[in-house]
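Got your viewer open? Let's take a walk through a protein, one selection at a time.

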Amino acid sequence: FAERNIPIIAFIHNVYAFLPPDRKKTLKYLDGYVSQYIAVSPKVRDYAAFNIGLPREKITVIPNGLVIAEHERREKTALCMNRESIDLAPSDYVFVHPASYNLHKGHYVIARAMQILLPSRRDIKVVCVGNEVHAPHAQAFRQFLADNGLAENIKLPGYIPEIQDAFKISDACLLPSFIEGWSIAMNEAMFYGKPLILTDTGGASEVIHNNDIGILLPTEYLDFKTLDSRLLDSLAYEPRDYRLAPLLAEAMISFANNREKWFAAGLRGRQKIYESYDFSKIVHRYEAAIDALINSN
């Protein structure tokens, strides 16, 4: 394409902390052929510029949107999964953790937080739904839950194609991820009216303002721009005492103690999806960026 003077747009979908140094060098080398980048969040842009060395002036930020019509249809479908089927009581306060079992999504952080809150609250449950990226890691996590008496309060039903079911049977969404780009699961949770507990990764700080639709927690590390694959993997795959865990436990208890307050917050999140993150509106922003690039050439 470059040889034929065809403009190239590259998409940056995540904070690419998981890439080894040689892959980052390749991305920087290939920048010579790229006319423009589209990053899904300001943090993705900042990481690409600071850590990978891509030119910040070439990076446009456009968030991920949600195909609202599809989820309006899903919202009306009958449940294929219910609380009873995974041993949850009607009175339980249930968090859904919609993320692949790759453990970069903070599974061990959730487990440590649950260890902290269980002595005082047995009614708080977490349902982790997602596919297994690496089976041995997922099996090790299951064994960790069993060995530490957590399996009754942290459920791992695996991947479910009807993601709306997980949201319908839950009270809130929990994503204490180490990295994100712009989480589609976050958008889905907002559509289904679920308040959020998120770490300050990806687009989380773009949607949560002054705890209006959830609680924004700090990350486990001090500066995401300096995060690398070794630190990321050690945080994700090695159980430890996370500094984030007591903050997460406190936030979870706050949600369970103030159900009406956070239910109302979830409804405000749904309104934000309709106002700002409708996929059809996001597409127009992509079209404008492409038109501007073509016209400049």
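Before you click anything, keep in mind that this is a predicted model.

**Stop 1: the largest pocket**

Start with the largest pocket, whose lining is made up of 10 nonpolar, five polar and three charged residues. Its volume is about 300 Å³. To find the middle, select Pro98, Ala99, Ser100, Val129 and Ala185, which are the closest to the pocket's centre among the 18 residues that line it. Which helix gives the most to this lining? Colour residues 184-191 and you'll see helix α7, which contributes three residues.

**Stop 2: two cavities**

Now look inside the protein. How many cavities of 30 Å³ or more does the structure hold? There are two.

The largest cavity has about 60 Å³ of space. To outline it, select Leu175, Ser177, Glu180, Ser183, Met186, Leu198, Thr199, Thr201, Gly203 and Ala204. Try colouring that lining by class: you should get four nonpolar, five polar and one charged residue.

Next comes the second largest cavity, with about 50 Å³ of space. Its lining includes Val15, Lys43, Phe178, Ile179, Asp200, Gly202, Tyr221 and Phe224. Add Glu180 and Thr201 to that selection, since they line this cavity too. You may remember both names from the lining of the largest cavity. By class, the second largest cavity is lined by five nonpolar, two polar and three charged residues.

**Stop 3: salt bridges**

Time for some charged partners. Side chains of opposite charge can pair when their charged atoms come close. This structure holds 18 salt bridges, so let's visit a few.

Select Asp92 and Lys125, and show their side chains: they meet in a salt bridge, at 2.9 Å from N to O. This pair ties together distant parts of the chain, 33 residues apart. Asp92 sits in the loop between α3 (68-75) and β4 (93-98), while Lys125 belongs to strand β5 (residues 124-129). Are these two buried or exposed? Asp92 has a relative accessible area of 5%, so it is buried. Lys125 is buried as well, because its value is 9% and the cut-off for buried is under 20%.

Move on to Arg142 and Glu132, whose side chains form a salt bridge at 2.8 Å, N to O. These two also link distant parts of the chain, with their positions 10 residues apart in numbering: Arg142 is in helix α5 (residues 135-147), and Glu132 is in the loop between β5 and α5. Arg142 has a relative accessible area of 26%, so it counts as partly exposed. Glu132 is partly exposed too, at 36%.

Then pick Arg240 and Glu238, another salt bridge, at 3.3 Å from N to O. Arg240 is partly exposed at 31% relative accessible area, and Glu238 is partly exposed at 42%.

For a group rather than a pair, select Arg45, Asp46 and Arg56, which are linked in a network of salt bridges.

**Stop 4: a nonpolar patch**

Finish on the outside: turn on the surface and select Tyr29, Leu30 and Tyr33. Together they make a nonpolar surface patch of about 340 Å². Zoom in on Tyr29, which you'll find in helix α1 (residues 21-30). Why does Tyr29 count as exposed? Because its relative accessibility is 57%, and exposed means over 50%.

Definitions and conventions: Residues are numbered from 1 along each chain as its sequence is written. This is a predicted model: local features need pLDDT of at least 70, side-chain atom pairs count only at pLDDT 80 or more; totals for chains, interfaces and linings use all residues. Side-chain values use heavy atoms; hydrogens and water are left out. Patches are made of residues with over 30% relative accessible area and no salt bridge: like charges are joined within 9 Å, nonpolar side chains (Val, Leu, Ile, Met, Phe, Trp, Tyr) within 5 Å. Accessible areas come from the Shrake-Rupley method with a 1.4 Å probe; for residues, only the protein chains shown count as cover. A salt bridge is a side-chain nitrogen of Lys or Arg within 4 Å of a carboxyl oxygen of Asp or Glu. Helices (H or I, at least four residues) and strands (E, at least two) are DSSP runs, numbered from the N terminus. Buried means under 20% relative accessible area, exposed over 50%, partly exposed in between (1.4 Å probe, protein chains only). On a 1 Å grid over the protein atoms alone, a cavity is a set of points where a 1.4 Å probe fits but cannot get out, and a pocket is an open set with protein on both sides within 12 Å along at least five of seven lines; lining residues have an atom within 4 Å of a point. Grid points are joined across faces, edges and corners, and a volume is the space filled by probe spheres set on the points. Ala, Val, Leu, Ile, Met, Phe, Trp, Tyr, Cys and Pro count as nonpolar, Asp, Glu, Lys and Arg as charged, and the others, Gly among them, as polar.
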